[in-house]
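Grab your viewer and work through these exercises at your own pace. Each one comes with a worked solution.

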Amino acid sequence: MGCCDVPGLMPVETAINNILEQVSPLTKTSTVALADAMGLVLAQDILSPINVPPFANSAMDGYALRAEDLTSTDTLVLAGKSFAGIPFEGECQAGQCIRIMTGAEMPAGTDTVIMQEETTVDGDNITFNIKPKANDNVRPIGDDVSLGETVLVTGTRLTAREMPLLASLGIAQVEAFHRPKVAFFSTGDELRPAGETLEAGQIYDSNRYGIRALLEKFGCEVLDLGIIPDCPEKLRDAFLKGSTEADVLITSGGVSVGEADYTKDILDQEGQIGFWKIAMKPGKPFAFGKINNAWFCGLPGNPVSAMLTLYQLVQPMLAKLAGNSQYQPPVRVKAKATTLFKKRPGRTDFQRGIYSINAEGQFEVATTGNQGSGAFSSMHLANCFVVLEQERGRVQAGEDVTIEIFNHTLY
Ligand code: AMP
Ligand code: MG
């Protein structure tokens, strides 16, 4: 046990590693049209079928010529034009130049482009005000990507950075892994869906909206099984449905073993589930394991805890299941606390913070205020987690802390 390990509590890193060790990527793939492939994970390496650009072309609007022709004269005779998509058909002879536009093919016999701003035009006589070097303002064939080059590897998630690259190679379809299918439901007699009127003792089910929002951003296919009351038969049915129809089943509530929580009993009967107490705050109770063919993640009921455990513990697992081999955890940087952060040693806190960059270019971070695990407004106000180490106590303004900037899934 390390210096800061607390008996009975599992460090966050250990929990993530435990999960990642157990799951392996899903294997089903299909051929998908490029237009439908955004957010999918490649199940093939992409080798370029062409050179990009496919021909040498001009980087400027100007004149294409042979650089050596300008060693003995400043003036060349205009002999034609090469526009984007409409190349010059002939060959440029000594003493001649060709009008050329950006992206247009370099005419045969030319090796250089001089931009039009450096010329004086007198009918067909073009006088050049500079002496170029060969290849100036020319984009050679294969400058960006060369024929046969491995451009993307299996396990790459397709984003706005990859889509135009694939299109530039003329690739109209890709082999991609299926999105992990994730079923989820909320548990609790007290929960009502938004849109209904609350009766005494009831609250609105917020977790399903947070869970769905994150899962969609993670790139999963979602199956919303609604609100399941604390009733053993209904819970059993929901566990059965979710775990047979999906790759992953996620529930919120009922894992902290309260009086009316039947989930633990059912999970003990139906699956192989570990009930963990994670050394994180919020989010201590968390269940992980397998029911039927599905992985099961039991999130705590408190709304901030549910979102935090989904984001911290389940996000890396879903990336692995999706076949995404290039998943990067959210970025952590050092910041100066500008407010007090209340904390007790024992668990790693993921407090909600608002970071900014000060006049010296350094990160600063302030608390969002109320850090209650049910206070969801703290998530809305925040743009980062303030990750306060397990052994650390209260943080005074002026101290250095680690912040974890929200990744794209929270925007
Ligand atoms: P539990 O883990 O079921 O004991 O729930 C812990 C706390 O979270 C209780 O105050 C619940 O009312 C609340 N809670 C559980 N599920 C939800 C949900 N889906 N939306 C909002 N609050 C919830
Ligand atoms: Mg409950």
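**Exercise 1.** Find out which residues come closest to ligand 1.

*Solution.* Start with the shell: 17 residues surround ligand 1 (a residue is near if one of its heavy atoms lies within 4 Å). The closest are Glu 190, Asp 205, Ser 206, Gly 254 and Gly 301. Before going on, some ground rules: this is a predicted model, where local features need pLDDT of at least 70 and side-chain atom pairs count only at pLDDT 80 or more, while totals for chains, interfaces and linings use all residues. Residues are numbered from 1 along each chain as its sequence is written, chains are lettered from A and ligands numbered from 1 in the order written, and side-chain values use heavy atoms, leaving out hydrogens and water.

Next, sort the shell by class: four residues are nonpolar, 10 polar and three charged. Here Ala, Val, Leu, Ile, Met, Phe, Trp, Tyr, Cys and Pro count as nonpolar, Asp, Glu, Lys and Arg as charged, and the others, Gly among them, as polar.

**Exercise 2.** List polar contacts of ligand 1 (pairs of N or O atoms within 3.5 Å).

*Solution.* Take the nitrogen side: a ligand 1 nitrogen sits 2.7 Å from a side-chain N or O atom of Asp 205, and a ligand nitrogen is 3.5 Å from one in the side chain of Ser 186. Then turn to oxygen: an oxygen atom of ligand 1 lies 3.1 Å from a backbone N or O atom of Asn 302. Now check the cover: on its own, ligand 1 has 480 Å² of accessible area (Shrake-Rupley, 1.4 Å probe), and the protein covers 78% of that. Finally, strand S13 (181-187) and strand S15 (203-204) are the elements giving two or more residues to the shell; strands are DSSP runs of E, at least two residues, numbered from the N terminus.

**Exercise 3.** In what order do the strands of the open sheet containing S13 run, and why do S16 and S18 each have a side without a neighbour?

*Solution.* Read across the sheet: the six strands go S16-S13-S17-S21-S20-S18, with mixed pairing (at least two DSSP bridges per pair). S16 (221-228) and S18 (271-277) are at the edges with a single partner strand each, so one side of each has no neighbour in the sheet. The twist averages 15° from one strand to the next (axes are lines fitted to C-alpha atoms; angles run from 0 to 180 degrees between N-to-C directions). Zoom in on one pair: S17 (248-252) and S21 (294-299) run parallel, joined by five bridges, and Ile 250 has Cys 297 of S21 as its bridge partner.

Methods
Polar contact = N/O pair within 3.5 Å; in protein donor to acceptor, adjacent residues only side chain to side chain. Helix = DSSP H or I, 4+ residues; strand = E, 2+ residues; numbered from the N terminus.
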